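Please take a moment with the sequence and the model below before reading on. The paragraphs that follow go from the whole chain down to a single residue.

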Amino acid sequence: MRWAFAFAACVIADDEHRELQSAAVWKATFSVEDLTGQKAGSFTIDVHPDWAPLGAARFKELVEAKYFDQSCFFRAVPNFVAQFGLAADPKTTAEWRDKDLKDDPVKTSNTAGRLTFATAGPNTRTTQMFLNFKDNTFLDSQGFAPFGEVSAGMDIVSAIYTGYGEKPSQGQITSQGKAYLDKNFPKLTCIKAVSLDIV
């Protein structure tokens with residue numbers, strides 16, 4: 001009986017994995033504010049579950065939970081990446097901190113406009129991710145697996161404020177949330193909301 005249960009669980013897991021891989025491309029639109037040279041704008045991500053099924057599924061889960069709403073691009077490095085994924089409310093960040101994902105194999109490259117999870121080592125993806133400002137293909141061999149790409153609004157992505165670079169402390173954001181950023185880094189580009197469009 002124990003073996004039969006384990007076999008059935010494996011079949012269910014395999015079916016779920018195949019469903020994720022075969023899912024059609026869907027869209028997520030980011031409404032952002034405090035851009036360089038303008039007050040607000042939006043950009044759209046085409047999410048490709050076949051590129052990185054586990055990453056795509058986690059992103060959908062986070063958007064549905066409104067995890068990104070009012071959070072900021074806290075690490076924006078010119079000609080490299082714009083990183084986000086620490087919640088505005090530190091209690092929300094804490095809820096997701098230990099929900100590590102297994103790595104997806106890298107199936108496509110970190111070219112300009114692609115969205116990829118950040119990691120702290122193998123199988124450590126949780127909520128942080130980054131947009132590539134330019135082609136960063138050297139990240140491919142390090143295990144960074146893109147799961148989406150900008151399909152509209154790359155000019156808005158390019159206007160994400162980069163003046164603070166890597167100065168904001170991730171530890172302080174984790175413990176204090178957006179209040180820390182508002183006080184110390186008021187020019188950061190932040191996310192008002194993210195909406196899903198799944199056909």
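What does the accessible surface of the protein chain come to, and which share of that surface belongs to carbon and sulfur atoms? In this predicted model, the accessible surface is about 10,000 Å², and carbon and sulfur atoms hold 53% of that area. The protein chain has 199 residues, of which 45% count as buried.

Turning to the fold, you can find 6 helices and 8 strands in the protein chain, and if you follow the sequence from its start, these elements come in the order α-β-β-α-β-β-α-β-β-β-α-α-α-β. Contacts also link parts of the sequence that are separated along the chain: among contacts in the protein chain with a separation of 6 or more, 70% are between residues 24 or more positions apart.

With that picture in mind, look for T127, which sits in the loop that runs between β5 (114–117) and β6 (129–132). Is T127 buried or exposed? The relative accessibility of T127 is 4%, and because buried means under 20%, T127 counts as buried.

The surroundings of T127 can be described residue by residue. Leaving aside residues up to four places away in sequence, T127 touches L62, Y67, F68, F84, G85, W96 and F117. Two of these neighbours, Y67 and G85, deserve a second look. The side chain of T127 makes a polar contact with the side chain of Y67 at 3.2 Å, while the backbone oxygen of G85 is reached by the side chain of T127 at 2.8 Å.

Key
Residues numbered from 1 in each chain as written. Predicted model: local features only at pLDDT ≥ 70, side-chain atom pairs only at ≥ 80, totals over all residues. Heavy atoms only, no water. Helix = DSSP H or I, 4+ residues; strand = E, 2+ residues; numbered from the N terminus. Buried < 20%, exposed > 50% of the residue type's maximum accessible area, 1.4 Å probe, protein only. Polar contact = N/O pair within 3.5 Å; in protein donor to acceptor, adjacent residues only side chain to side chain. Contact = heavy atoms within 4.5 Å. Areas by Shrake-Rupley, 256 points an atom, 1.4 Å probe, with all protein chains shown as cover.
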